[in-house]
Amino acid sequence: GAVGLGGLSAVTMSNCTRGALIGAGTGTFAETFTQDSLAFVASASETFTFDEPQPDANYTVLLEPGIAPVALGDLASIDNKLAAGFDIVFGNPQTTTVNFIVKRNI
C-alpha cells in the first residue's frame, strides 16, 4: 500500500514492497531495492529524481541499457549522484529506454 511521510520523517524499508509515497515535508526515505526506467529521445543525459530524497548518496545504481552501443563513448554511466537523484549519461544522444535498479545496504 501507500506510505505516508510528513514533517521530518526518516523512513527505512528493508526487503519489502510498497505503493506510492504520499505526503510532504523534508524527510528522507531509504529502501534496499528500487527498480525504474528512464526514456531517452535523442538525448545524451536524463535525470532520475527519487520520490523522496535518500538520506545520502551511498547507494549503487545498476544499469540495463536497452540498446547495444555502437562505440565505447556510447556506454551509459552514472553522473551527479546525490541524495535527491542521479543522471544517466551516454557519450552521444540516444533514443532508448534504460532500466535500472538502485541498491542500498541497510
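## A hairpin to start from

Strands S7 and S8 form a hairpin in which five residues lie between the two strands, and asparagine 80, placed in the turn, has a positive phi of about 55 degrees. This is a feature of a predicted model, and what follows should be read with that in mind. The positive phi of asparagine 80 occurs although the residue is not a glycine, and its place is in the loop between S7 and S8. With a relative accessible area of 44%, asparagine 80 is partly exposed.

Strand S7, made of residues 77–79, runs antiparallel to S8 and is joined to it by three bridges. Within this pairing, isoleucine 78 has isoleucine 88 of S8 as its bridge partner.

## The chain as a whole

The protein chain contains eight strands and zero helices, so that its elements, read from the N terminus on, follow the order β-β-β-β-β-β-β-β. Of its 106 residues, 30% count as buried, while the area that the chain exposes comes to about 6,000 Å², with carbon and sulfur atoms supplying 54% of it.

Contacts between distant parts of the sequence are also part of the picture. Among the contacts in the protein chain with a separation of 6 or more, 60% are accounted for by residues 24 or more positions apart.

## Strands S5 and S8

Strand S8, which covers residues 85–103, also pairs with strand S5, residues 33–49, in the antiparallel sense and over 14 bridges. One of the residues in this pairing is serine 45, whose bridge partner in S8 is valine 89.

Two residues of S5 deserve a separate look. Valine 41 lies in strand S5 and counts as exposed, at 65% relative accessibility. Valine 41 touches Gln94 and Thr95, when residues up to four places away in sequence are not counted, and the C-alpha atoms of valine 41 and threonine 97 are 8.6 Å apart in space, although the two residues are 56 residues apart in sequence. Alanine 42 is likewise found in strand S5, and has a positive phi of about 50 degrees although it is not a glycine. At 59% relative accessibility, alanine 42 counts as exposed.

On strand S8, lysine 103 offers another example of a long separation in sequence. Lysine 103 and threonine 32 are 71 residues apart along the chain, yet 5.5 Å apart in space from C-alpha to C-alpha. Apart from its neighbours within four places in sequence, lysine 103 is in contact with Thr32, Tyr59 and Thr60, and its relative accessible area of 38% makes this residue partly exposed.

## The nonpolar core

The largest nonpolar core has 13 residues, of which Phe86, Ile88, Phe100 and Val102 touch the most other members. The elements that give two or more residues to this core are S5 and S8, and S8 provides the largest share, with six residues.

Phenylalanine 86 can be followed further through its contacts. Not counting residues up to four places away in sequence, phenylalanine 86 touches Glu46, Thr47, Phe48, Phe50, Tyr59, Val61, Ile78, Asp79, Asn80, Lys81, Phe100 and Val102. Asn80, the turn residue of the S7 and S8 hairpin, is therefore one of the residues in contact with phenylalanine 86.

## Aromatic rings

By the ring-centre rule, the count comes to eight aromatic pairs. In one of them, the rings of phenylalanine 48 and phenylalanine 50 have centres 5.3 Å apart and planes at 85 degrees, and because an angle over 60 degrees counts as edge-to-face, the pair is edge-to-face. Phenylalanine 48 and phenylalanine 50 are both buried. The rings of phenylalanine 86 and phenylalanine 100 have their centres 5.4 Å apart and their planes at 85 degrees, so this pair is edge-to-face as well. Phenylalanine 86 and phenylalanine 100 are also buried.

These four phenylalanines, Phe48, Phe50, Phe86 and Phe100, form one aromatic cluster together with Tyr59. Over the face of tyrosine 59 lies lysine 81, at 5.0 Å from the ring centre. Both Tyr59 and Lys81 are among the residues that phenylalanine 86 touches.

Methods:
Residues are numbered from 1 along each chain as its sequence is written. This is a predicted model: local features need pLDDT of at least 70, side-chain atom pairs count only at pLDDT 80 or more; totals for chains, interfaces and linings use all residues. Side-chain values use heavy atoms; hydrogens and water are left out. Rings of Phe, Tyr and Trp (its six-membered ring) pair if their centres lie within 6.5 Å; planes under 30 degrees apart count as stacked, over 60 as edge-to-face and the rest as tilted. Buried means under 20% relative accessible area, exposed over 50%, partly exposed in between (1.4 Å probe, protein chains only). A charge sits over a ring if NZ of Lys or CZ of Arg is within 6 Å of the ring centre and within 35 degrees of the ring normal. Two strands pair if DSSP finds at least two bridges between them. Helices (H or I, at least four residues) and strands (E, at least two) are DSSP runs, numbered from the N terminus. Contact means heavy atoms within 4.5 Å. Accessible areas come from the Shrake-Rupley method with a 1.4 Å probe; for residues, only the protein chains shown count as cover. A nonpolar core is a set of buried Ala, Val, Leu, Ile, Met, Phe, Trp, Tyr and Cys residues joined through side-chain atoms within 4.5 Å.
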